[in-house]
2 protein chains.
Amino acid sequence: MPDFEKTKRTTLKRLHDRGRFDRETVYAILDEALICHVGIVVDGAPVVIPTAFWRDADTLYLHGSSASRLIRALEAGAEACVTVSLLDGLVMARSAFHHSFNYRSVVIFGRTEAVEDAAEKRRALRLFMERLAPGRWEELRPATDQEIKGTGVVRLGLAEASAKIRTGPPIDDEEDYEDPVWAGVVPVSLACGAAQPDPRLTPGITEPANIPGPGPFKAGA
Amino acid sequence: MPDFEKTKRTTLKRLHDRGRFDRETVYAILDEALICHVGIVVDGAPVVIPTAFWRDADTLYLHGSSASRLIRALEAGAEACVTVSLLDGLVMARSAFHHSFNYRSVVIFGRTEAVEDAAEKRRALRLFMERLAPGRWEELRPATDQEIKGTGVVRLGLAEASAKIRTGPPIDDEEDYEDPVWAGVVPVSLACGAAQPDPRLTPGITEPANIPGPGPFKAGA
């Protein structure tokens, strides 16, 4: 797969070694994350909203109520910036200055586009469910036309996309390594816990295998 | 403490019951989170960047290299939107339509301002270290004037701020509750793991008690 093309705004001005433009890296970050932060410009000012997302090849999907201000702006073809971040660790260095976080992030710039066709909307929404719990779409009653109509789905092409990554131990000034202070990394991760059945669950229904289990979230696992 | 004043853009147009304007709720979300997503407008287009932040009363602080494009824009007094999100659960409902996420988020609008005074910068940076590892600032060699100069620190007043929260089990259509499908919540949380000592750690230095331990991150704990 070819790399994403670098543009002025996806090229890092500093810390060039943290930049990544290969699709494997960008895809892996997007597929591990559960939420993104979408930025749009409203009346000249920035607005950043957290929301769910999913990916199909080089297309990112977002959805929400057709009545939501964000979804309406995105359906109208807003210029957007979608950012996805995974925090991996607290980097405790030997000087305050070299403290850092380990992380993996993706930034995507582009104009969103409404998914208008009801069948394509259904297909996209089903992909989202597959990501969360493979096979669950078929276990549920079919989505009604009214529900599909009430759900706004937008796509954003992965064209102007890039990743930024920091990993590893602190990088201290050479003369600080002998300081009598502890240094290292505190790993941080997002994990699922044991599922909590709905208090109104019909007695006798047990948790199926496709519900994400305790541990790191694995899309479609 | 008085609530934050509602403004046009912090008032929810839908799902009003998810909105919160009390300081206790906003503070608690900000103090639990480790990163925020900062939105600014560059050449008319939105840019969203993940970064660390910390809070002191009604002031939010951000920092970064004085050479970073984001920090330069924020120091110049950019109109910003800072969003903080905590994902709490995957809500598996009896219809695709009612699937949701449990989350707590805060959105802050305002103009950032450079912290110019070196002593105030030091004080702010020390507060950030206190949040991560109380007492560590004193254990490290003092930050040099050059390091303070090379670090851009900006403040954003908590004035136009609000929180949005979803908790609890799925809310299904009444007629779906008898469907023979599992429903419930998969809890999700960010947690620290066991600290990994720097491979170059001087032998004999043990991990001090102020390094965050395994489990949920507790600021300044």
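Two residues are in contact if their C-beta atoms, placed from the backbone, lie within 7 Å. Axes are lines fitted to C-alpha atoms, for helices over the stretch in contact, with angles from 0 to 180 degrees between N-to-C directions. Helices (H or I, at least four residues) and strands (E, at least two) are DSSP runs, numbered from the N terminus.

This is a predicted model, where local features need pLDDT of at least 70, side-chain atom pairs count only at pLDDT 80 or more, and totals for chains, interfaces and linings use all residues. Residues are numbered from 1 along each chain as its sequence is written, while chains are lettered from A and ligands numbered from 1 in the order in which they are written.

**Exercise 1.** Work out which strands of the open sheet in chain A stand at the edges.

*Solution.* Start with the order, β4-β5-β9-β8 of chain A, paired antiparallel (a pair needs at least two DSSP bridges). β4 (54-56) and β8 (113-114) are the edge strands: each has a single partner, so one side of each lacks a neighbour in the sheet. Next, follow β8(A) to β9 (residues 151-157) of chain A, joined by 2 bridges. There A:Ala114 has A:Val154 as its bridge partner. Finally, add helix α3 (residues 118-132) of chain A, which lies across β4, β5 (59-65) and β9, at about 80 degrees to β9(A).

**Exercise 2.** Decide whether A:Asp43 is buried or exposed.

*Solution.* First locate A:Asp43, in the loop between β2 (35-42) and β3 (45-52) of chain A. Its phi is near 50 degrees, a positive value in a residue other than glycine. Now count: 7 other C-beta atoms lie within 10 Å, so A:Asp43 is exposed (buried means 20 or more, exposed 12 or fewer, partly exposed in between, with C-beta atoms placed from the backbone).
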